Amino acid sequence: TNVPNDLNAFWMPFTANRQFKKQPRMFVGAKDMHYTTSDGREVLDGTAGLWCCNAGHCRPKITEAIQQQAGELDYAPAFQMGHPKAFQLANRLVDVAPDGMDHVFFTNSGSESVETALKIALAYHKVKGEGSRTRLVGRERGYHGVNFGGISVGGIVANRKMFGTLLTGVDHLPHTHLPDQNAFTRGEPEHGGDLADELERIVALHDASTVAAVIVEPVAGSTGVLIPPKGYLKRLRDICTKHGILLIFDEVITGFGRLGSPFAAQHFDVMPDMITTAKGLTNGVIPMGAVFVSNEIHDAFMNGPEHLIEFFHGYTYSGNPIASAAGLATLETYAEEGLLTRAAEMDSYWADALHSLKDAKHVIDIRNIGLIGAIELEGIAGEPTKRAFSCFLDAYERGLLIRTTGDTIALSPPLIIEKSHIDQLVDTLRTVLNEAA
Ligand code: PMP
């Protein structure tokens, strides 16, 4: 495949290819655990694309379902009619969702799922006659996509500083990266409650009757893999319940098997009121997202007299046929291959392999949960991100795709990963780290 020389028209400020102008790096093919590069090399996918290709790449069942659907019924407007596959997919999704979540709202991305959930939260309180509940609570270092609501509740200051006040009435909980946590979270004593109690402080500051919802990633992914201390999410749940505040889990990354259960809600045994998803829903192949809502929320809207007029929300592509077909084939693939629980089976091999890197150069912390890993490096003074980014480039040259965020290497391989791939991944990283300046 020819790689174009002119890279200016496709404008995405942070695509790495802006730094590779003289020698663009591109993927031209993919199969299962591997990408093929434009210079004809195989690269092991250590990140499932962007945390999304949970079943690996170009899986025939998914590809064929898309092709067939595209030739049979390409588009149908859900606003007027709909088509069978969107309803079938919704049924299949609620089968794997936590108990008490029997309804989904289709979107087209993680960012849209977040916006949808925030709007549902505010609208729900209105429908219940508690319209004063308009405040939202996010968390420092939380990532909830790039739209206005998502960056408002998100905890990355750099992402919102250009945009003034955005959504008003937003507070942020402290992030959950504890210096003494050092990853092997199994067996640690419960100590997350104190951190979650920060929510009580925020509620007390304003008055509980003004707070609509709290949104958190159960495991913060793209800001460096921050695993909550034991008991943290449960305490958040308890505080929300006590004050009538909705709890939203943003499971765009953790959904669909990443932690060894369909959703993080099941892994942590904490039931939120809504779950936002995307990515793994269609194996990352076709843009699609879904917001799972509790029956309580669904019924509040649908049993009320004016629900449809009160809550106008939906997208041209909500539950579109091709994405629905891809979603159905993805869920079938996950079920046939046991992928929604595979991360639990691989957990100890993955953990041991990652932690064997603790003596590699520059490593200051290693964290793991399910099939997620993080290797935090000591940064170069005054040049944050430089060391990790050079590791990213070197790993790529050595046939491994990783992701970096700040000076942390983040890993989230396809759930079909075998032990031999894990060995290769860790061996490559050991070489990369030990040779890094
Ligand atoms: N929420 C979380 C937790 C995410 O990780 C992401 C994407 N990395 C998003 C939302 C946004 O998803 P999208 O890029 O599909 O809009």
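**Ligand shell, packed helices and two domains**

Biologist: In this predicted model, which residues are closest to the ligand, and how many surround the ligand in total?

Modeller: There are 14 residues surrounding the ligand, and the closest are Ser109, Gly110, Ser111, Gly145 and Val252. A residue is counted here if its C-beta atom, placed from the backbone, lies within 6 Å of the ligand. By class, this shell holds 5 nonpolar, 7 polar and 2 charged residues, and its largest share, 3 residues, is supplied by α4.

Biologist: Why are α4 and α11 called oblique to each other?

Modeller: The axes of α4 (residues 110–127) and α11 (residues 295–302) come within 10 Å and cross at roughly 60 degrees. Angles under 35 degrees count as roughly parallel, and those from 65 to 115 as roughly perpendicular; the crossing of roughly 60 degrees falls in neither range, and therefore α4 and α11 are oblique to each other.

Biologist: What makes the contact of α4 with α11 nonpolar, polar or charged by class?

Modeller: On the α4 side are Ile120, Tyr124 and Val127, which meet Ile297, Ala300 and Phe301 in α11. Ile, Tyr, Val, Ala and Phe count as nonpolar, so the contact comes out with 6 nonpolar residues, no polar ones and no charged ones.

Biologist: How do you know that α14 and α16 are roughly parallel or oblique to each other?

Modeller: Helix α14 and helix α16 (residues 419–435) pack at an angle of about 15 degrees, with their axes 10 Å apart. Roughly parallel requires an angle under 35 degrees, and about 15 degrees satisfies this, so α14 and α16 are roughly parallel to each other. Their crossing is right-handed, whereas α4 passes α11 in a left-handed crossing.

Biologist: Which residues of α14 and α16 meet?

Modeller: Tyr349, Trp350, Ala353 and Leu354 in α14 meet Lys419, Ile422, Asp423 and Val426 in α16. This contact divides into 6 nonpolar, no polar and 2 charged residues; Lys and Asp count as charged, and these two names appear on the α16 side as Lys419 and Asp423.

Biologist: How is the protein chain divided into domains?

Modeller: The chain is divided into domain 1 (16–55 + 339–435) and domain 2 (64–336), whose centres, taken over C-alpha atoms, are separated by 26 Å. The contact takes 28 residues from domain 1 and 26 residues from domain 2.

Biologist: What makes up the side of domain 1 that touches domain 2?

Modeller: Its largest share, 7 residues, comes from α14, and by class that side has 15 nonpolar, 9 polar and 4 charged residues.

Note on methods: Residues are numbered from 1 along each chain as its sequence is written. This is a predicted model: local features need pLDDT of at least 70, side-chain atom pairs count only at pLDDT 80 or more; totals for chains, interfaces and linings use all residues. Axes are lines fitted to C-alpha atoms, for helices over the stretch in contact, and angles run from 0 to 180 degrees between N-to-C directions. Helices (H or I, at least four residues) and strands (E, at least two) are DSSP runs, numbered from the N terminus. Angles under 35 degrees count as roughly parallel, over 145 as roughly antiparallel, 65 to 115 as roughly perpendicular and the rest as oblique. A crossing is left-handed if the near helix is turned anticlockwise from the far one by less than a right angle, and right-handed if clockwise. Two residues are in contact if their C-beta atoms, placed from the backbone, lie within 7 Å. Domain bounds come from an automatic or database domain assignment.
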